[in-house]
Amino acid sequence: MKLLILGALIIFYASALLGIFGDVTKIDTTGASEQTARQDKLTVKGVQASYKLAENDLKRMESYKYTILKVGSAMSMDPAVIAAIISRESRAGAALVNGWGDHGNGFGLMQVDKRYHKLRGAWNSEEHIRQGTEILIDSIRQIQKKFPNWPKEHQFKGGISAYNAGVKNVRTYEAMDIGTTGNDYSNDVVARAQWFKRNGY
């Protein structure tokens, strides 16, 4: 019942949510690289691979759906983008060992790096998802300052790229993913987000 109520609230606030950082459905994307697609032994790459990777994580993601919707609503962040980052970073938890990934440096569903952040909450908690979302929002705001003339959607995509490889790595719109994991981070996350958007987030 609480999920239905929150889902209705998300729909009610959708226009406000989309207006703050941009509309993820309007961001152009080339999707996942061949390297990323190989995680699930896919024979396709690009947007279709991102869709399939997201689909493969959907069942696990459902465990966190209520929290993702709640945090997204509270922080004015599109829940589909939060879900996409969780899918990309930890495969909705499946890629983690006792909550850790990235050789023991990345923590939790959103892989907050212990070398740069003071970790908050359990690896799959609301507090952790809030922290990851705060880091994402901070990255977007830094990109907004760095590239004030970019359209909102470009800044949004740049912030997603910066979530992975830092603001300094984003130098041009076209090449923002060079230097990210798999050289496809924002393109893959955006494509997954577009899929999650059509599938309940």
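# A walk through the salt bridges, rings and pocket

R91 and D40 make a good starting point: they form a salt bridge whose closest N and O atoms are 2.8 Å apart. The two partners come from distant parts of the chain, with R91 in the loop between α6 and β1 (100–101) and D40 in the loop between α3 and α4 (47–61), 51 residues apart. Keep in mind as you look around that this is a predicted model.

What does it take for such a pair to form? Side chains of opposite charge can pair when their charged atoms come close. Are the two partners buried or exposed? R91 has a relative accessibility of 10%, so it counts as buried, since the cut-off for buried is under 20%. D40, in contrast, is partly exposed, with a relative accessible area of 24%.

Now turn to another pair, D188 and R88. They also form a salt bridge, and here the closest N and O atoms are 2.9 Å apart. D188 sits in helix α9 and R88 in helix α6, so this contact ties together parts of the chain that are 100 residues apart in sequence. Both ends count as buried: D188 has 0% relative accessibility, and R88 has 8%. These pairs do not stand alone, as salt bridges with shared partners join D40, D57, R60, R88, R91, D184, D188 and R192 into one network.

How many salt bridges does a search of the whole structure find? The count is 16. One of them brings together the side chains of D28 and K157, at 3.8 Å from N to O. Because D28 lies in the loop between α2 (14–21) and α3 while K157 lies in helix α8, this pair ties together parts that are 129 residues apart in sequence. The two ends have their own surroundings: D28 is partly exposed, with a relative accessible area of 42%, while K157 counts as buried at 3% relative accessibility.

From charges we can move on to rings. A pair of aromatic rings is described by the distance of the centres and the angle of the planes. The structure has six aromatic pairs. In one of them, the ring centres of F147 and W150 are 4.0 Å apart and the planes meet at 10°, so this pair is stacked. Both of these residues are buried.

W150 has a further ring partner, Y173. Their centres are 5.7 Å apart and their planes stand at 90°, so this pair is edge-to-face. It links distant parts of the chain, since W150 belongs to the loop between α7 and α8 and Y173 to the loop between α8 and α9 (185–197), 23 residues apart. W150 is buried, with a relative accessible area of 17%, and Y173 counts as buried too, at 12% relative accessibility. Put the two pairs together and you have a cluster of F147, W150 and Y173, linked by ring pairs.

Rings can also have a charge over them. The charged end of K65 sits over the ring of Y201, 5.0 Å from its centre. K114 likewise lies over the face of W100, at 5.6 Å from the ring centre.

Next, look for empty space. Rolling a probe the size of a water molecule over the atoms shows where empty space is left. The largest pocket holds about 780 Å³ of space. Which residues lie closest to its centre? Among the 30 residues that line this pocket, they are E89, Q111, Y163, N164 and A165. Several elements contribute to the wall: α3 (34–37), α6 (79–90), β3 (112–113), α7 (126–146) and α8 (152–165) each supply at least two residues of the lining. By type, the lining divides into 10 nonpolar, 13 polar and seven charged residues.

Two last stops let you practise reading positions. K45 is found in the loop between α3 and α4, and at 56% relative accessibility it counts as exposed. Its C-alpha atom is separated by 14 Å from that of V189, although the two residues are 144 residues apart along the chain. A162 lies in helix α8 and counts as buried, at 6% relative accessibility. The C-alpha atoms of A162 and D177, 15 residues apart along the chain, are separated by 8.9 Å.

Key:
Residues numbered from 1 in each chain as written. Predicted model: local features only at pLDDT ≥ 70, side-chain atom pairs only at ≥ 80, totals over all residues. Heavy atoms only, no water. 1 Å grid on protein atoms, 1.4 Å probe; cavity = no way out; pocket = protein on both sides within 12 Å on 5 of 7 lines; lining within 4 Å. Points joined across faces, edges and corners; volume = space filled by probe spheres on them. Helix = DSSP H or I, 4+ residues; strand = E, 2+ residues; numbered from the N terminus. Nonpolar A, V, L, I, M, F, W, Y, C, P; charged D, E, K, R; others polar. Phe/Tyr/Trp six-rings, centres within 6.5 Å; stacked < 30°, edge-to-face > 60°. Buried < 20%, exposed > 50% of the residue type's maximum accessible area, 1.4 Å probe, protein only. Lys NZ or Arg CZ within 6 Å of the ring centre and 35° of its normal. Salt bridge = Lys/Arg side-chain N within 4 Å of Asp/Glu carboxyl O.
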